[in-house]
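Student: Could we go through this structure together, with the definitions stated as we come to them?
Tutor: Gladly; please have the sequence and the coordinates open beside you.

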There are 2 protein chains.
Amino acid sequence: MNQQYQNRQVLLASRPTGMPTKKDFEFRDIPVAEAQEGQVIVRTLYLSVDPYMRGRMNDSKSYIPPYNLNEVIAGGIVGEIVESKTNLFQAGDKIIGMLGWQLYNTVDAKTVRKIDESMAPVSAYLSVLGLTGLTAYFGLLDIGQPKKGETVVVSGAAGAVGMLVGQIAKIKGARVVGIAGTDKKCDYLKNELGFDAAINYKTTKNLDQDLEQACPNGVDVYFDNVGGAISDAVMNLLNDHARIPLCGAISSYNSTDDNMGPRIQSKLIKTRSLIKGFVLSDYADRQSEGLQELGIWLSEGKLKYEETIVDGFDNVIVAFLQLFQGTNLGKMLVKVSDPAK
Amino acid sequence: MNQQYQNRQVLLASRPTGMPTKKDFEFRDIPVAEAQEGQVIVRTLYLSVDPYMRGRMNDSKSYIPPYNLNEVIAGGIVGEIVESKTNLFQAGDKIIGMLGWQLYNTVDAKTVRKIDESMAPVSAYLSVLGLTGLTAYFGLLDIGQPKKGETVVVSGAAGAVGMLVGQIAKIKGARVVGIAGTDKKCDYLKNELGFDAAINYKTTKNLDQDLEQACPNGVDVYFDNVGGAISDAVMNLLNDHARIPLCGAISSYNSTDDNMGPRIQSKLIKTRSLIKGFVLSDYADRQSEGLQELGIWLSEGKLKYEETIVDGFDNVIVAFLQLFQGTNLGKMLVKVSDPAK
C-alpha cells in the first residue's frame, strides 16, 4: 500500500428498493494501493453522478452489468495523476475515466484518457465534452434527425443531456420546446439557451393543453429523458414519421409499481413513428466525430453548459439522490479536490 | 346510367362506437354509372375485408383519411372488366384496385391495374401478391431485419399478414414463434407452415411462461399485429437491439377505454430496441421489388397462403366483423361473383 495518500471510498451496501437512501451505501477508509508497472494513481477532482446509475444498483439485466454488493461504485471521474509508473502519463496530467467513487484510484494507465485543460475547464469533460454531450449528440442527430423548421420536444430539458439536446436542435434550425420542473429552469431555457418555449410540468394546470400551445405544428422529434406521464402527453402530438430517441426514463427508476400508462402502439402506427432506446456505447466508434463537433460548437459559443456542483466527497450520496428531486440545473457534479498543479 | 347491370353498394351509415354493428352500415341499390371515355366498368369478383378499415370508420386523423358518412366504403377489390372505353383494357381482363364496396365500379382506367391469371388465382392478388404480402415483406425485412438463427415472434400469426411474416422469417433462417387464438390455428402454423412453436393465447394458463419456453434465446424481432396484453408479454423477452415492426393493434381497434398497459420505455432503453409503426404506402416506390420476390417464393413453393372466403356480397359486413372474432385463417375475403370469362 501507498503511505502517502489515505483513501476513502463508497460501496453499495444493499440494493435499494424504490428511492435509495443513505443506508444503501457505505463509506470505507482504506489505504491506497501501490501503483504497479504500467499503472497510475489518480486523485479524484470531480465525480459525475448520473441517473443511469440507479439502474446499476438493481440486480437486473441491462446494457451494463449491475454494481456488485460491497464493491466500490464506478462512474465518470476527472482526476489528476499523482503517481505514474508508465511513460504515458506524468504527475499533474488531467485524465478522465470510468473509475471508482473514491479519493484515489490505482489503475492501469490504459483505462484513462488524458484531457486538454486549454480547451475547457476539466469538469466540462464530465458534461458537454464527455458522455453527456455525446449522448445528446448521437441520440438527437442519429435517431431524432431534426430538420429545419421541425418541432423538437425534450423532457428533462434543464438536465445535463436535455439542455444540450435543445441547443443542438436549435443549431439544426428546429423549433425547440423544453419540459422542466421549475419556473427558474424554464426561464433559463428560454432566456439563456434560446428555447422557443418551456413548460413547467409541476405547475401546469393542463399539460396536454400547454404542450399543444407550445407545439402548434405538432411534434417531429421527442427526445425522452423522463418517461411516465410527461411522455404519455407528448405521444398525443406526434406528427407523421416522428422520431423518439429514448435516452432515459428517470420518472420510473425508483418506481416499485407496474408503471402503467396508455399503450402507445396505435399512436405509433397511425403516425408511422419510430421510437428507439439507445446508449452511448452503441456509438463507440464515432465518439471522436461527436467530440470534435461539440468542441467546435463550444468554442464558437453556440453551446452553453451548466453545472450544479456539490462540494466534498462525503456529499456524493446527497448529490446522487438530488438527481431524482430535480434540483440540478445542468450537469450534477461532486467536487472532490483541487488539482495540485 | 347503364341499363345492363344493377348495382348494389355498402355505405357507412354511422361511425361505430366500439365494436361495429350491422346498423352502422347500409346497403343501397342504384343503377350502374355509364363508363365515360377513358373509363371502365368493373364487376367485383373478390372483395378484401381488413382490420385497418375499422380505423377509417372513426373520424380521427390517421395515415389515410376516414371514410365519409353515407359514402361507399372503399377497399381492395379484384374484378373483371365488363365494359371498357379505353384501349388499356378489354372486357374479360382481371384487375385489382382500391374500389368501392359494390357489385360494379365505374372508374378511370388508370386507377386499376391488370393482374396475371396465369401466375396465381386472382384472389391471391388480394393476399400474398397484394397489400397483404407486401405488408409482411416490408415490415419484416425493412424494419424487423431478421438474421439467421434469431428468434422472430409474430402475433396474429394465423392472420393473412402474420402467416406470411412467419414463412418469410423461416426463409431467412430465423426461429419463428407464432401467437394465435385457436389450437387449430396453432397446429396449422406448426404443421403446415413450419413455425417452430405456436402459442394459443386464449387457452394458455401463463402466457409469459409459454413465451419464455418458446423463446429460450429471447426475442430479436417481434412483428406486432395485435398490441394489448399479448404485446406487453413479448416486451419482457426482448434481446438487445430487438426490432419491433408495428403493423397493427387489432386488440384495441374497437376499444373504448384508455387501453392502459405497462409502459415500455424502460424496456426499450435497457435493450436499445427499436419499435416503428409503418404502413405499406411508406414503401410505394419499392412495391415491384416486393411483388417480384413474393412471386418467386410462391412459385418455388416456399410460401403458402390461406384464404377464408365468405360467399356473397350481402355477407360483407358479417365477414368484416368476423375479423375481430379471429375466425379467419389467413386472408378474409368475400366472393362476390364468378368471372364471365
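Tutor: A residue is called buried if 20 or more other C-beta atoms lie within 10 Å of its own, exposed if 12 or fewer, and partly exposed in between, with C-beta atoms placed from the backbone. Helices (H or I, at least four residues) and strands (E, at least two) are DSSP runs numbered from the N terminus. This is a predicted model, in which local features need pLDDT of at least 70 and side-chain atom pairs count only at pLDDT 80 or more, while totals for chains, interfaces and linings use all residues. Residues are numbered from 1 along each chain as its sequence is written, and chains are lettered from A and ligands numbered from 1 in the order in which they are written.

Student: What average pLDDT does chain A have?
Tutor: The pLDDT is the predictor's confidence in each residue, from 0 to 100. In chain A, 99% of the residues score at least 70, and the average is 94.

Student: How many residues of strand S9 of chain A are buried?
Tutor: On one side of S9(A), Arg175(A), Val177(A) and Ile179(A) are buried, and on the other side Val176(A), Gly178(A) and Ala180(A) are buried as well, which leaves both faces covered. The strand, residues 175-180, is therefore largely enclosed by the rest of the structure, the count of buried residues being six of the six.

Student: Which residue of S9(A) stands opposite Val152(A)?
Tutor: Two strands pair if DSSP finds at least two bridges between them. Strand S8 (residues 151-155) of chain A pairs with S9(A) in the parallel sense over five bridges. Opposite Val152(A) in S9(A) stands Val176(A).

Student: How is chain A divided into domains, and which helix gives the most to the side of domain 1 that touches domain 2?
Tutor: The bounds, which come from an automatic or database domain assignment, give domain 1 as 2-126 + 306-335 and domain 2 as 131-282 + 292-296. Counting two residues as in contact if their C-beta atoms, placed from the backbone, lie within 7 Å, 17 residues of domain 1 of chain A touch 16 residues of domain 2 of chain A. With three residues, the element that gives the most to the domain 1 side is helix H1 (residues 52-56) of chain A.

Student: By what turn can chain A be laid on chain B?
Tutor: The copies are superposed by least squares on the C-alpha atoms of residues with pLDDT of at least 70 in both. The superposition gives an RMSD of 0.0 Å with a shift of 0.0 Å along the axis, and the turn is 180°. The two copies are thus related as by a two-fold rotation axis.

Student: Which element of chain A gives the largest share of the side that touches chain B?
Tutor: In this interface, 30 residues of chain A are in contact with 30 residues of chain B. The elements that give two or more residues to the chain A side are strand S13 (260-262), helix H7 (265-271) and strand S14 (274-277). The largest share, six residues, comes from H7(A).

Student: Which residue of chain B stands opposite Leu274(A)?
Tutor: S14(A) and strand S14 (residues 274-277) of chain B run antiparallel and are joined by three bridges. Within S14(B), the residue opposite Leu274(A) is Lys276(B).

Student: In strand S7 of chain B, which residue is the bridge partner of Gly97(B)?
Tutor: Strand S5 (residues 94-100) of chain B is mostly covered, with six of its seven residues buried. Seven bridges join S5(B) to strand S4 (residues 74-84) of chain B in the antiparallel sense, and three bridges join S5(B) to strand S7 (residues 112-114) of chain B, also antiparallel. In S7(B), the partner of Gly97(B) is Val112(B).

Student: Is His241(A) exposed, partly exposed or buried?
Tutor: His241(A) lies in strand S12 (residues 238-246) of chain A and has a positive phi of about 60° although it is not a glycine. With 14 C-beta neighbours inside 10 Å, His241(A) counts as partly exposed.

Student: And is Asn70(B) buried or exposed?
Tutor: Asn70(B) has a positive phi of about 65° although it is not a glycine, and this residue lies in the loop between helix H1 (52-56) and S4 of chain B. With 11 other C-beta atoms within 10 Å, Asn70(B) is exposed.
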